[in-house]
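Biologist: I am new to this structure and would like to understand the words used for it. Could we look at it together?

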Amino acid sequence: PGVARSRLPLAQSMKLLIVVDGVRHEVVAAGSYTVAELLQRMGSTCLSGSVDGVLSLGNLILPADGTTLSDANVADRDRLILTTIASPTALGKALAALGSASATLERFEAAVAAGDAPHEEELTRLFELVDAAPLDGLSEAQRGECRRRRKAIVARLEALSARAAAMPTTCQ
């Protein structure tokens with residue numbers, strides 16, 4: 001059902017048009033770049049700071065699992081759309097909710113590493129926040145990406161909860 005596309009050799013550069021919140025950016029990237037490397041390059045060249053988002057080619061969400069752009073069938077002169085946590089879209093709102101939960105989890109992980117376990121109720125609230133990430137209005141591919149991110153957060157949260165439960169408590 002798809003159109004045959006010619007792929008460039010991995011080392012050859014391609015020009016990509018990446019649209020972020022209605023602003024077009026032309027980026028030169030090698031086919032060997034991963035999605036993460038492309039986002040990192042965009043963060044250092046045309047956007048300010050690190051970029052957390054979802055990159056899509058039409059209705060296809062590009063995998064953030066280390067797949068190269070070439071293997072994801074991205075070709076020279078393709079138009080990609082980057083949805084970030086700041087995007088005023090349904091996907092942007094879901095990414096923002098999951099990003100907020102991940103940031104809170106990082107603070108809890110640092111506290112446990114310092115020997116200060118968060119209260120069980122705080123961990124429960126964080127589980128609820130992750131579970132309540134808004135998925136209404138998302139395509140199936142976008143939901144899949146949000147589910148992947150949510151599963152990763154839940155796995156970290158479960159591990160943290162187990163570490164916090166195993167910490168010795170002091171009664172005063």
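Biologist: Which exposed residues does the face of α1 turned away from its buried side carry, and what makes them exposed?

Modeller: That face carries Gln40, Ser44 and Thr45; they are called exposed because their relative accessible area is over 50%, whereas buried means under 20% and partly exposed lies in between, with a 1.4 Å probe and protein chains only. This is a predicted model, in which local features need pLDDT of at least 70 and side-chain atom pairs count only at pLDDT 80 or more, while totals for chains, interfaces and linings use all residues. Residues are numbered from 1 along each chain as its sequence is written, and side-chain values use heavy atoms, leaving out hydrogens and water.

Biologist: Which residues of helix α1 are buried, and how do you know that they are on the same side?

Modeller: In α1, residues 35-45 (helices are DSSP runs of H or I, at least four residues, and strands are runs of E, at least two, numbered from the N terminus), the buried ones are Val35, Leu38, Leu39, Met42 and Gly43. They cover an arc of only 140 degrees around the axis, taken from the directions from the helix axis to the C-beta atoms, and so they lie on the same side of α1.

Biologist: What makes β1 and β5 a pair?

Modeller: Two strands pair if DSSP finds at least two bridges between them; β1 and β5 have four, in the parallel sense, and therefore count as a pair. Within this region, Ile18 stands opposite Leu80 in β5.
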